[in-house]
Amino acid sequence: MQPVLFYGVPQGCSFGSIVALEWLGQPYWLSRIEMLEHPWPAAYAAINPLNQTPALLLEEGEALTESLAILLNIGTRGISRGLGFYQGTPESDRLIETLAYLNSDFFAAFGPLWAAYEMQDADHTTRAVLQRLGNADVTKALAHVDALLDCRPWLAGEQRTVADAYFSGVARWAEYFPQFDLARDYPNVRRHLDRLRADPAVRFAMAIEAGEPAQSSGQYLGHLALDALPGKLHTARAVGTIA
């Protein structure tokens with residue numbers, strides 16, 4: 001069976017893995033996880049005991065978790081398409097460095113702001129501290145990426161890679177907070193995000209996430225429910241479960 005990507009909504013970082021699979025141009029399935037609905041389907045624990053998305057159920061029945069691992073897997077499958085590079089080359093080192101930064105510092109920078117947003121019942125002092133920390137971290141992260149894009153046409157260098165796919169999902173978070181003006185303060189980030197949004201794969205991922213009719217430019221096979229994969233789930237073994 002072809003790989004199955006379990007993606008989370010709303011606004012999950014698994015968005016980038018959908019984009020990368022579209023760019024890859026190889027057959028794949030999707031399975032939707034509504035992250036705000038609790039408890040999550042019990043069967044999903046066989047895919048990822050941590051109950052996090054994304055997760056990629058591979059052809060042999062093993063589950064690969066964590067965006068970094070999934071995107072590097074897709075990049076390796078897509079070397080002929082320029083999505084990744086052979087390990088040990090300077091280009092591969094740069095791609096891993098870029099993805100690791102996006103998946104750690106850049107991703108984590110938004111944590112305090114999301115926490116403040118979700119803690120509507122918290123006292124003013126607690127929320128103010130979280131917002132102050134988040135503003136500082138996101139400002140630093142956006143400035144760093146803006147500087148990278150000032151000297152590179154794509155995030156990891158001269159060509160589009162899985163790093164840009166991941167960025168299309170996480171960089172949009174800055175737009176949810178009015179204190180960040182991408183056009184004014186981070187024009188390279190704004191330009192790159194707009195460029196990605198014009199891509200058919202990104203438009204497809206946006207429609208999939210919204211539950212709207214979606215036109216694939218890759219080899220998307222459709223959605224599968226968890227209960228449609230009993231054999232795969234029984235043999236699945238989650239790997240790489242470090243956050």
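These are some informal notes on a predicted model, going through its pockets, two helix packings, a loop and one arginine.

1. Start with the biggest opening. The largest pocket has a volume of about 890 Å³. Of its 25 lining residues, Gln11, Gly12, Met35, Phe107 and Trp173 are the closest to the centre, so they are handy names to search for if you want to find the spot on screen.

2. Which helix gives the largest share of the lining of the largest pocket? That would be helix 4, with four residues. Helix 3 (90-109) and helix 4 (111-118) each put at least two residues into this lining. As for chemistry, the lining splits into 14 nonpolar, nine polar and two charged residues.

3. Next comes the second largest pocket, with a volume of about 150 Å³. Its lining is made up of Leu72, Gly75, Thr76, Ile79, Gly84, Phe85, Tyr86, Gln87, Ser92, Leu95 and Ile96. Helix 2 (67-77) and helix 3 each contribute at least two of the lining residues. Six of the residues in this lining are nonpolar and five are polar, with no charged ones.

4. Now for helix 1 (residues 15-24) and helix 6 (residues 162-170). They pack at an angle of about 140°, and their axes are 7 Å apart. The two helices are therefore oblique to each other. Helix 1 goes past helix 6 in a right-handed crossing. On the helix 1 side, the contact uses Phe15, Gly16, Val19, Ala20 and Trp23, while helix 6 brings Val162, Asp164, Ala165, Tyr166, Ser168 and Gly169. Sorted by type, the residues in this contact of helix 1 with helix 6 come out as seven nonpolar, three polar and one charged.

5. Helix 3 turns up again, this time with helix 5 (residues 124-151): their axes come within 7 Å and cross at roughly 145°. Helix 3 makes the contact with Tyr101, Leu102, Phe106 and Ala109, and helix 5 with Gly134, Asp137, Val138, Ala141, Leu142, His144 and Val145. Eight of the residues in this contact of helix 3 with helix 5 are nonpolar, two are polar and one is charged.

6. The loop between strand 2 (28-34) and strand 3 (55-57) deserves a look, with proline 39 as one of its residues. Histidine 38 and proline 39 are joined by a cis peptide bond, with omega about -5°. Proline 54 is found in the loop between strand 2 and strand 3 too, and the peptide bond leading to proline 54 from threonine 53 is cis, with omega near 0°.

7. What is the phi of asparagine 51? It is near 55°, a positive value in a residue other than glycine. Asparagine 51 also has its place in the loop between strand 2 and strand 3, so keep that loop open on screen while reading this point and the one before.

8. Last, a single residue: arginine 190, which lies in helix 8 (residues 187-197). Setting aside neighbours within four places in sequence, arginine 190 is in contact with Glu175, Leu182, Ala183 and Arg197. How many residues apart in sequence are arginine 190 and glutamate 175? They are 15 residues apart, and 9.9 Å apart in space, C-alpha to C-alpha.

Methods: Residues numbered from 1 in each chain as written. Predicted model: local features only at pLDDT ≥ 70, side-chain atom pairs only at ≥ 80, totals over all residues. Heavy atoms only, no water. Axes fitted to C-alpha atoms, helices over the stretch in contact; angles between N-to-C directions. Parallel < 35°, antiparallel > 145°, perpendicular 65-115°, else oblique. Left-handed = near helix turned anticlockwise from the far one by under 90°. Contact = heavy atoms within 4.5 Å. Nonpolar A, V, L, I, M, F, W, Y, C, P; charged D, E, K, R; others polar. 1 Å grid on protein atoms, 1.4 Å probe; cavity = no way out; pocket = protein on both sides within 12 Å on 5 of 7 lines; lining within 4 Å. Points joined across faces, edges and corners; volume = space filled by probe spheres on them.
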